[in-house]
Amino acid sequence: MSKLRIFTESEQAEILAICRDRFVDCGTHLAARHKYSYRVEAGRRVGFTRHDGYRHVKINRVQHFEHRLCWLMRTGAFPAEQIDHVNGDKLNQSPGNLRAVSHQENSRNQKRNSSNSSGHTGVYWHKQHNKWCARIKVD
């Protein structure tokens, strides 16, 4: 996971002004307010989906997560830490699906790992003892 850049208040204000000029918040995504480049038509969803499943939008040659721009347009500032997609759908930027959380809280809402054979978080098969084992970590 890449480090999130911390923007100053003046940088946030500049990005917000560009967003409000170029984009319309459609509830679940950002769409172009008007044609602002040869690739972007008015009314179409902006940005692109990367290999990690998140949508990114370029502003002044800098890539931004679409969900962070939606948060900025709705609240006027980027969150202090991370944004969690409550239902796990990285393409759904609706207000009810986004919440500001710490890294620790965001880690709790991860999908189950594909190598998980038990179907439960923290439960694994111990080959030497030929038993299921459970591990719980309390912070």
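Helices (H or I, at least four residues) and strands (E, at least two) are DSSP runs, numbered from the N terminus. The model is predicted: local features need pLDDT of at least 70, side-chain atom pairs count only at pLDDT 80 or more, and totals for chains, interfaces and linings use all residues. Residues are numbered from 1 along each chain as its sequence is written, and side-chain values use heavy atoms, with hydrogens and water left out.

**Exercise 1. Place alanine 100 and describe its surroundings.**

Step 1. Find the element. Alanine 100 sits in strand E7, residues 98-101.

Step 2. Classify the exposure. Buried means under 20% relative accessible area, exposed over 50%, and partly exposed in between (1.4 Å probe, protein chains only). Alanine 100 has a relative accessible area of 46%, so it is partly exposed.

Step 3. List the contacts. Contact means heavy atoms within 4.5 Å. Not counting residues up to four places away in sequence, alanine 100 touches Trp71, Pro79 and Gln82.

Step 4. Take a distance. Alanine 100 and lysine 111 are 11 residues apart along the chain, and their C-alpha atoms are separated by 18 Å.

**Exercise 2. Find the partner of E7 and describe it.**

Step 1. Apply the pairing rule. Two strands pair if DSSP finds at least two bridges between them. E6 and E7 pair in the antiparallel sense, over 4 bridges.

Step 2. Pick out one bridge. Histidine 85 has leucine 98 of E7 as its bridge partner.

Step 3. Sort the side chains of E6 (residues 82-85). Gln82 and Asp84 point one way, Ile83 and His85 the other way, and all are buried.

**Exercise 3. Work out the order of the open sheet and its edges.**

Step 1. Order the strands. The open sheet has 3 strands, E3-E4-E5, with antiparallel pairing.

Step 2. Identify the edges. E3 (48-49) and E5 (62-65) each have a single partner strand, so one side of each lacks a neighbour in the sheet.

Step 3. Check one pair. E3 and E4 run antiparallel and are joined by 2 bridges. Phenylalanine 48 is bridged to histidine 56 in E4.

Step 4. Recall the background. Strands of a sheet pair through backbone hydrogen bonds, either parallel or antiparallel.

**Exercise 4. Decide how enclosed helix H2 is, then examine glutamate 66.**

Step 1. Count the buried residues. In H2, 8 of the 10 residues are buried, so the helix is largely enclosed by the rest of the structure.

Step 2. Name them. They are Glu66, His67, Arg68, Leu69, Cys70, Trp71, Leu72 and Met73.

Step 3. Look at glutamate 66 in H2. Its relative accessible area is 0%, so it counts as buried.

Step 4. List the contacts. Leaving aside neighbours within four places in sequence, glutamate 66 is in contact with His29, Leu30, Arg45, Val46, Arg55, His56, Val57 and Gln93.

Step 5. Take a distance. Glutamate 66 and arginine 55 are 11 residues apart in sequence but 5.4 Å apart in space, C-alpha to C-alpha.

Step 6. Move past the helix end. Just after H2, glycine 76 takes a positive phi of about 90°.

**Exercise 5. Describe the largest nonpolar core and two residues of H1.**

Step 1. Define the set. A nonpolar core is a set of buried Ala, Val, Leu, Ile, Met, Phe, Trp, Tyr and Cys residues joined through side-chain atoms within 4.5 Å.

Step 2. Name the best-connected members. The largest core has 20 residues, of which Ile15, Cys19, Phe23, Leu30, Val46, Ile59 and Leu69 touch the most other members.

Step 3. Trace the sources. Helix H1 (9-22), strand E2 (30-32), E4 and helix H2 (66-75) each supply at least two residues of this core. H2 gives the most, with 5 residues.

Step 4. Inspect isoleucine 15. Not counting residues up to four places away in sequence, isoleucine 15 touches Phe7, Ile59, His64, Leu69, Leu72 and Phe78.

Step 5. Turn to glutamine 12, also placed in H1. Glutamine 12 is buried, at a relative accessible area of 13%. Leaving aside neighbours within four places in sequence, its contacts are Phe7, Leu72, Gly76, Ala77 and Phe78.

**Exercise 6. Locate serine 107.**

Step 1. Find the element. Serine 107 belongs to helix H3, residues 103-108.

Step 2. Classify it. At 31% relative accessibility, serine 107 is partly exposed.

Step 3. Take a distance. Serine 107 and arginine 50 lie 57 residues apart in sequence and 20 Å apart in space, C-alpha to C-alpha.
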